[in-house]
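Okay, thanks everyone, I'll keep this short. Let me put the sequence and the structure up, and then we'll walk through one strand and the domains.

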Amino acid sequence: MNHDIYSTEGLYKIVEKTELSETISQHVIYAPLIAAKAKAGHFVILRSREGGERIPVTLVDWNPERGTVTLIIQAIGKSTTEMNALKQGDSFLDVAGPLGTPVEIKNWGTVLGVGGGVGIAELYPIARAYKEAGNKIVSILGARNKGLLILEKEMAELGEVIVTTDDGSAGRKGLVTDAMNDLYAAGRGPDAIFTIGPIPMMKFVALASLPHKTPTFASLNPVMLDGTGMCGGCRVEIGGKPKFACVDGPMFDAHQTNFDALLKRTAAYREQEKESLERYARDHQCRIGLH
Ligand SMILES: Cc1cc2nc3c(=O)[nH]c(=O)nc-3n(C[C@H](O)[C@H](O)[C@H](O)COP(=O)(O)OP(=O)(O)OC[C@H]3O[C@@H](n4cnc5c(N)ncnc54)[C@H](O)[C@@H]3O)c2cc1C
Ligand code: FES
């Protein structure tokens, strides 16, 4: 495709949109400057409309020739619900990036990826980069139920996949850490672990790998505002020291991470977030009612 990476024509337009589950959508967006610089572990901060919230989302894939980047967004609150309501042909207002420090790609040997929920989307580009670097990839993908499981086929193209669901509707019933403990018990402990998903899941993955001294890395998801190290909103505690997840991370040594402090900080605005989503749902229904 012939395109001028400095032209603003069609910028941030959704050129393809796919529903991956009831709440998870994949957006392929025209953003050539970002596509030209993206690396595994990078994320963007985007807004869907004027006055909208700035939302950090991982770069799942990128195509410098087409000038596109792929994002996978789970609608969990007001802003992500608004974003997933956009259709193919609509545009995001702005997309800033690539942001963050990309993961260091090297040959560990066997790399275990442990992904939970939409974290599987964030794990995929990292597993792909490690595969390209010659590592053997094993993945444990966890979801509450079969309907919320994403990218199983794509992850299977990279290596062995073990699926766990809370209700047993796909794969084995149980937690990702059950499958991880079985690997260790079978003498199949990996050389490094990358985990992305809910904070409690990442904490227990780190606790499970600690006795085996397996280097373990977790992608942290504190609330982010500017994404450039200016506001301090994304402060996390690593080895007892403060770090900014947006510039120093988002990937950190999981054995050094204070997950309890992170959980507390991310819960700080829960009431306001709930109210905002409820108001959005009410307004949305009202508008539907007027038509
Ligand atoms: C580096 C990074 C990469 C991420 N990648 C993805 C991804 O690829 N796909 C995806 O679906 N989600 C991703 N997230 C999470 C996503 O940013 C939040 O789900 C989103 O911000 C929620 O906003 P909301 O208004 O819809 O929900 P709200 O109801 O406002 O919040 C719900 C929860 O989302 C989190 N959150 C809210 N605002 C922010 C914010 N500004 N920054 C970070 N977290 C916030 C909080 O934990 C909050 O409790 C990522 C987060 C980070 C930090
Ligand atoms: S988001 Fe502001 S310092 Fe990281």
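So, to start: how many residues sit between E1 and E2 in their hairpin? The count is four. Keep in mind as we go that this is a predicted model.

Let's stay with that hairpin for a moment. E1 covers residues 14-19, and its pairing with E2 is antiparallel, over five bridges. If you want one pair to look for, take Glu19, whose bridge partner in E2 is Ser25.

Now the other neighbour. E2 also pairs with E6, residues 68-74, again in the antiparallel sense, this time over seven bridges. Here you can pick out Val28, which has Thr70 as its bridge partner in E6.

So is E2 itself covered or not, and on which faces? Well, E2 runs over residues 24-30, and seven of its seven residues are buried. Both faces are covered: on one side you've got Ile24, Gln26, Val28 and Tyr30, and on the other Ser25, His27 and Ile29.

Okay, zooming out. The domain assignment splits the chain into domain 1, 14-99, and domain 2, 110-266. Their C-alpha centres are 21 Å apart. As for contacts, 18 residues of domain 1 meet 18 residues of domain 2. On the domain 1 side, E3 (43-47), E4 (55-58), E6 and E7 (94-99) each put in at least two residues. That side of domain 1 comes out as eleven nonpolar, four polar and three charged residues.

And E6 is the one I'd leave on screen: it pairs with E2, and it also supplies residues to the side that touches domain 2.

Note on methods
Residues numbered from 1 in each chain as written. Chains lettered and ligands numbered in written order. Predicted model: local features only at pLDDT ≥ 70, side-chain atom pairs only at ≥ 80, totals over all residues. Buried ≥ 20, exposed ≤ 12 C-beta atoms within 10 Å, placed from the backbone. Pairing = 2+ DSSP bridges. Domains from an automatic or database assignment. Contact = placed C-beta atoms within 7 Å. Nonpolar A, V, L, I, M, F, W, Y, C, P; charged D, E, K, R; others polar.
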